[in-house]
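User: I would like to learn how to read a protein model feature by feature. Could we begin with a single strand and work outward?

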Amino acid sequence: MPRRTLLLLCSALLLSGCGRNGSDDTMPMQCRVESAPDLQSLATGFMNPAPENRAWVYWFVMDGNLSREGIKADLEAMQRAGIGGVIFLEVNVGVPRGPVDFMSDEWIALFKYATEECERLGIQLTLISGPGWTGSGGPWVKPEDAMHFIVADTISVTGGGHVSVQLPRPQPRKPYFGIENLTPEMRRQRAAYYEDLFVLAYPKPVAADSSTRIDNIEEKAIYLRHPYSSAPKTNPFLPMPVNLPDAPQGTVLATDQCVDVTSLLDPDGRLEWDAPAGQWVIYRFGRTLTGANTRPAPLPGVGFECSKMDTTALNHHLDHFVGRLMAAVGHKPHDRPAGWNMLHIDSWEMGTQNWTDHFKEIFKARRGYDLTPYLPTLSGQIVESREVSERFLWDFRLTSQELVLENHARHLRDYAHRYGFGLSIEPYDMSPNNDIALGGIADVPMGETWEVDDVFNTAFSCIEAVSAARINNRPIVGAEAFTSSHFDKGKFWKLHPGNMKNQTDWSFCIGINRLVFHRYAHQPWTDKWPGMTMSAYGLTYERTQTWWELSQSWHTYLARCQYLLRQGQGVADILFLTPEGAPHAFTPPVSAMEGSDRLPDKKGYNFDGCDPGTLLDKAFVRDGKICFPGGMQYSILALPTSGRMTPELLAKVDKLIHDGATVIGFAPEKSPSLTDYPACDKKLAELAGRMWGDGKTAAAKRTIGKGTLFTCTAADTAGMALDSRGYRTPYVKYETIATALAAQGVRPDFESDVPLRYIHRTSNGMEIYMVSNPSNQAVNATCTFRATDTGCSLWDAVQGRIAPVSAETTADGRSRITLPLEACGSVFVVFSPVPPADIVNTTTLWPKLETALEVKGPWQVHFQEGRGAPAEATFPTLTDWSRHADPGIRYFSGIADYTTSFDLPESELSTHRNWYIDLGRTEVIARIELNGKPVTELWKTPFACDITPYLQAGQNTLKVSVANEWPNRLIGDDALPQEKRVTFTTYNPYKKGTPLLPSGLLGPVRVAWAE
């Protein structure tokens, strides 16, 4: 029997139809952005970006390995380097268990201490919504509050008299990730939990083979959703053809012949029924646990995932987890810029559920009909017809999605706001929902970027997150960055800022403006190096990293980029409307992208995706543009080619066109829903007929009201390339849309004569472009921008330089600039209403250097203490450490300080205005001091910078601190007995004899001038 109160049912019914994003945009202050009002303010914020613009990290605790001194050291190291926030969670990935049990009194006290340290240091802390990273649950979740399936079993009987039969009890389905992670008690609960729901009898159909069943029923009935990022052949959505084949006569069930015999089932599962004559098939439906559990949670946090459709279940979980921690931390002001001020739902990896309390009544209120006689479709049995069955399953999935969006995501967001927290969501992967709709509920939508050479491709999730943010007026878009599993990739401890820049710039140009590096493993020790890992998972991004103390300039680069990329609004021309229904992972046409599959770049007409609910609720037209609250606007709406659309959605599209919008696509032919069927199809056909007219089969440009409808033909989808997963996206070709935009007088936003990536934002009359070279070769690119050259300047986020530039005005009113970009180089191009004279601090970003002298040494080299090298050594010439005769230097990993001097005559110093130092080859990061004054850190090629203010006539003392990487010391230690090793780590893939990495300052080092 139902467990919840009548009040819950009434609330659910009152929410009927409210499955779309609501208008509650009361974001907490930590999720808001105040754009610079003018060019001078923009430059000030760029030169010295505020802490809220900094990159974040996932701060992982490894199964009880937690300490007060480690917390303090970690957070202080983050603050020194320029980390602005953390997502805090505890996991179990095979690292030996530590002494502090999850959610014990000691653990809670340490969590409170971490929040206090974050407040002291100005670091934001986000708490994930449960132990592990899968969702929200724990050992406190009772079976009745867990995720549930409706399951069925059948038996055949002969009627014509009284039937007394023991019905087989439906068995729980095997959890997607198996039962190995369940505790013995959880396994017992999974096997024991069962509740009868319905017993339905139908005249038995004739024998049929598998061809008369509903295909892919596991996904259509929401029993599973494979991870889209990693499972081969996982469809981004479930296609529903317009024309479905008829089932053979006699193989289907009829709803008007369904006999509900639920009341005749006794508590032991025996049916006592006076059955009419004939052969009958009896379906026994019940609810069981899905078996989804917190994973990979520390053992004290292992438990069932709570229901994602039931606010009562979620509240119980929150009381036991977030509520306990809030009680310990104490009351905090709502407007808190640092400390614990966010909650987080990570990537959807707990799988699906398809039942909850009062689902039948909720379904009836929302869809307008009783689901009971259609339930056998959940087992793959056709009811009435394939058309009717597929429509019912579509309604079933839609209702489930609405409950997840409302009762889980939105309820958690409302809970967060009540206590001054923001909410971030990664809405993708095994999600049974429309990803953009789920992400749009967050205050901070997030995607994910796996390291470019690693196993999984999640670029789509970043496009989704950016789309969700833009159409819902969310200024901050996050990305879990550089996720990886380096078991066989040979990159563990080999990633550093220099070789991370290209992928980082891709993230920025796709629209991400908060990187959250995966991962920073909490270091419970202060005397072990490199210390704790997350097994082989993730980027090694901790204070124990060799180059950590030389990474401030790298983090300043990130903060500058993120600051500029949060200004105003994004600029895009195309809005791709996703098909209705669930699940849905948004993928644009392959032809709208260029570059690689792992790092796809948008073409000159930028785009976003939009879920149907947000279009219905929020889209409007202003000055011929499709607009959303907050200012985002698009020049054209591209309809899906799925052939199905509800009359409600088509009516919205029609209104947008009448109000002045431009729309392109085919006429929909049928509704996907069983609601109001078949009248819904008639309504749809009548409206489509008025809109498309003869254009249903011919290309045309139709004026409707104030707007334009471009109709399409089969040629507009013919020959479209498949995506990397083997699927064809449900849109017309990008070239077709581009032609329509050109016909409307809309020129591409960005073009270049060599492959480049870009992003464009508009803010208070300023047009801000980031342009990035994806190649490892330098390019001299001619770039055209859809902006007017009133005042144009180039901004270098690496070294904080701003230079003037002149642009050529093209015949169509755009601006053309030549950009000499270095390998994987990037630059911001800012067009402003006023000249940039007051903000420039250099004449050019790309000076032509003329060598004045080579700094040859000798060099005194001081090696970091405790790393196995001698305290100091003299290098007559620059030498690769890995080739040095001394094994302490050859296997050294850490920071070494090079010191030497050089002379520069007064006559030469006064002859030239601008002086530079170029370190030449540097492995892998360096900090420069000249004459006792810090200059900067250099972390990418070219390792060069301006030294004009620091240079003096006569003798100059140069100090260069250089960090290499950990593999060399780990390789050396593998040849030593344990007691003689320098390093300790929980994961070391390196063995003796492995080739060493080039290390140190290799040069040549030269002092140069430029006019």
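**Reading a strand, a barrel and two loop residues**

Analyst: Seven of the seven residues of E14 are buried, so this strand is largely enclosed by the rest of the structure. The model is predicted.

User: What is buried on one side of E14, and what on the other?

Analyst: A residue counts as buried when its relative accessible area is under 20%. In E14 both faces are covered. Val444, Met446, Glu448 and Trp450 are buried on one side, and Pro445, Gly447 and Thr449 on the other.

User: Which strands pair with E14, and in which sense?

Analyst: Pairing is read from bridges, and at least two are needed between two strands. Strand E13 (residues 422-425) meets E14 in the parallel sense over two bridges. There, serine 424 has valine 444 of E14 as its bridge partner. E14 also pairs with E15, again parallel, over five bridges. In that pair, methionine 446 stands opposite glycine 478 of E15.

User: Which arrangement do the paired strands build?

Analyst: Follow the pairing from strand to strand. Here the order E1-E2-E3-E12-E13-E14-E15-E16 forms a closed barrel of eight strands with parallel pairing. On average, neighbouring strands of this sheet are turned by 30° against each other, direction ignored. Elsewhere in the barrel, strand E1 (residues 56-62) runs parallel to strand E2 (residues 85-91), joined by seven bridges. Methionine 62 has valine 91 in E2 as its bridge partner.

User: Which strands does helix H8 touch, and which does H12 lie across?

Analyst: For a helix on a sheet, ask what is in contact and how the directions compare. Helix H8 (residues 322-329) packs on the sheet and touches strand E3 (124-128) and strand E12 (339-345). The direction of H8 makes about 175° with that of E12. Helix H12 (residues 459-471) lies across strand E14 (444-450) and strand E15 (478-483), at about 165° to E14.

User: Is serine 484 buried or exposed, and what does it contact?

Analyst: Serine 484 sits in the loop between E15 and helix H13 (497-510). A loop position does not settle the matter, so look at the area: serine 484 has a relative accessible area of 1% and is buried. Beyond its neighbours within four places in sequence, serine 484 is in contact with Trp450, Glu451, Asp454, Ala536, Tyr537, Gly538 and Leu539. A polar atom of the serine 484 side chain lies 3.5 Å from the backbone oxygen of phenylalanine 482.

User: Where is glutamine 523 found, and what does its side chain reach?

Analyst: Glutamine 523 is in the loop between strand E16 (514-521) and strand E17 (530-531). With a relative accessible area of 0%, glutamine 523 is buried. The glutamine 523 side chain reaches the backbone nitrogen of methionine 532 at 2.8 Å. A polar atom of that side chain also lies 2.9 Å from the backbone oxygen of alanine 521. Leaving aside neighbours within four places in sequence, the contacts of glutamine 523 include Gly70, Asp74, Glu542 and Arg543.

User: How compact is the protein chain as a whole?

Analyst: Start with the inventory: the chain has 21 helices and 51 strands. Its radius of gyration is 31 Å, close to the 30 Å that the globule rule gives for 1011 residues, so the chain is as compact as a globular protein of that length. Of the 1011 residues, 62% count as buried. Among contacts between residues at least 6 apart in sequence, 80% join residues at least 24 apart.

Key:
Residues numbered from 1 in each chain as written. Predicted model: local features only at pLDDT ≥ 70, side-chain atom pairs only at ≥ 80, totals over all residues. Heavy atoms only, no water. Helix = DSSP H or I, 4+ residues; strand = E, 2+ residues; numbered from the N terminus. Axes fitted to C-alpha atoms, helices over the stretch in contact; angles between N-to-C directions. Contact = heavy atoms within 4.5 Å. Buried < 20%, exposed > 50% of the residue type's maximum accessible area, 1.4 Å probe, protein only. Polar contact = N/O pair within 3.5 Å; in protein donor to acceptor, adjacent residues only side chain to side chain. Rg over C-alpha atoms; globule rule 2.2 N^0.38 Å.
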